[in-house]
Amino acid sequence: MTVRLPSRYEDLDPAFRGRLRPNRPLLELVQRAHRAMSISGGIRFLPIYGRSGTGKSSAARELATHLPEAKVVELSRAAIISEATLLQEIRTAIGRRNQPSLLIAVVDQYEERVAESSSVPTQFVERLSLLDRGELRQTPVLFLWLTTSRDFQQDLAAATSRNERILLAGDFELMGPEQTEWAEIVEETFAFHNQEQPLADFEVLRTNIDEVADVAPTLGATIEAVGELLGHQASSLQDLSQYQVVMLWPVTDGHRITRVSAFTNARDGYKLDWNAFYRELNEEDRRTLPLSELNRARLYFDVRLVPIAAADLHPLCRKLDDPDFVPSPSYLDRFEKSHFFSIVNETWNPATFAPMRERDSDRATKAREWYEGGITDQPTALGRRIAKCLTALGLNADHERTIKSPHATVRADIAVDRKESQQTTCIVELKVFSTEGTRPSSIKDAIRTTLKRHAQFAGFLGRQ
């Protein structure tokens, strides 16, 4: 699979550009200039200094997203040199109908991209002074010149000496987003350009991004460094383990359905969402847990967290002490339609996915009373009965199976053999808790325990 982490504005998906965060100092300065130009007319000029990678191009070109009355156009090389070409590009950008009340013309680091006479930029700014009194005196145009050179910015500002009125500011520096926001911006950019897959799915964690951001000078440099890290992280994990791990969590109402589902990508078969799990960790967890190894286990075992309605289990789990009890075919049919069964049976179809919903009924009320009445004290009996139901539906399932690897041993509450699958064994961990135990912190702790157990099983983590 090809992954993308674009670091330049030109490489961003056009649909993503409108999601860029506004640069507040620049936005406010442009708004003030617009008000002044609306009163006195004429044009304005702003040379913008910023280090490479601070987001000058993105901030300038996306001003129209945050100023609906404005239009942004990037001037060509020819427009910098020729007054006729400049006027033509300005007239074309303004158009004949639906004219913007403010045109923002951007010169993007001209001095870095062409090797012309050093006098050309100065001549361009002096030309603006003449146009402000001539053909553009009634046209509200704000010219932005982006540069990575302080000296060049000063030269541009000095070139307005014939008409200081047009100079909006001579020493404006664009700082870019706060460093504390860089990791989130990197993750958001990557997810959008890769079908909403998080960087964690490629073994790059928030802690890795933070480490890069701590030493990188700019956001752009951070993105480039994370991109390099991403390239080095390609591993054999793409060849998944022969085991799949499914955590089965009974729920009794819509509130708990939401809580469990919030830790997953439900439409994608309730795959465990690392970012949701990470957000629930406290600072000590983030500092002390072997997060890289836990994430590797999540990927290697294709870990899922699947809610199941207690109402779908209750009629199947009568007379748990009777090994000869046979559930009704109608109840088995309902169980066969559950999300859990389709995942274990590998018949999950995201195109027909419908979220689990709370349904008020006598059946749901009785199931809630059953679940809260002490059945959670019998997880082994529940696992045995669920395995029997899976077998009745044609799967090869048993309960309390011990599975060994060269590194550790795990006990599957339910084990389902799938000989024709790449993942030949599905390990089901039955998370049977009281309804009060279905809190985000409890779900987080259960996930952490499962990931740690299987990280040890795979040898990613030593026994402690």
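1. Disulfides: the count comes to zero in this predicted model. Cys-317 pairs with nothing, since its nearest cysteine sulfur belongs to Cys-389 and lies 6.3 Å away, whereas a disulfide needs the two sulfur atoms within 2.5 Å. Cys-317 also counts as buried, with a relative accessibility of 4%.

2. Cys-426 is in no disulfide either. Here too the nearest cysteine sulfur is that of Cys-389, at 16 Å. With 0% relative accessibility, Cys-426 falls in the buried class.

3. On to the domains. The assignment splits the protein chain into domain 1 (22–166), domain 2 (179–235) and domain 3 (243–458). I looked at the pair formed by domain 2 and domain 3, whose C-alpha centres are 31 Å apart.

4. Where these two meet, eight residues from domain 2 touch nine from domain 3. Together they bury about 740 Å², and carbon and sulfur atoms account for 57% of that area. On the domain 2 side, look at Ala-200, Glu-203 and Leu-205: they contribute 49% of what domain 2 buries against domain 3, more than any other three residues.

5. Polar links across this boundary are worth a look as well. There are two salt bridges between domain 2 and domain 3, and four residue pairs are in polar contact. The side of domain 2 that touches domain 3 is made up of three nonpolar residues, one polar and four charged.

6. A salt bridge to check by eye is Arg-298 with Asp-201, where the closest N and O atoms sit 2.8 Å apart.

Definitions and conventions
Residues numbered from 1 in each chain as written. Predicted model: local features only at pLDDT ≥ 70, side-chain atom pairs only at ≥ 80, totals over all residues. Heavy atoms only, no water. Domains from an automatic or database assignment. Contact = heavy atoms within 4.5 Å. Buried area = accessible area lost by both parts, 1.4 Å probe. Salt bridge = Lys/Arg side-chain N within 4 Å of Asp/Glu carboxyl O. Polar contact = N/O pair within 3.5 Å; in protein donor to acceptor, adjacent residues only side chain to side chain. Nonpolar A, V, L, I, M, F, W, Y, C, P; charged D, E, K, R; others polar. Buried < 20%, exposed > 50% of the residue type's maximum accessible area, 1.4 Å probe, protein only.
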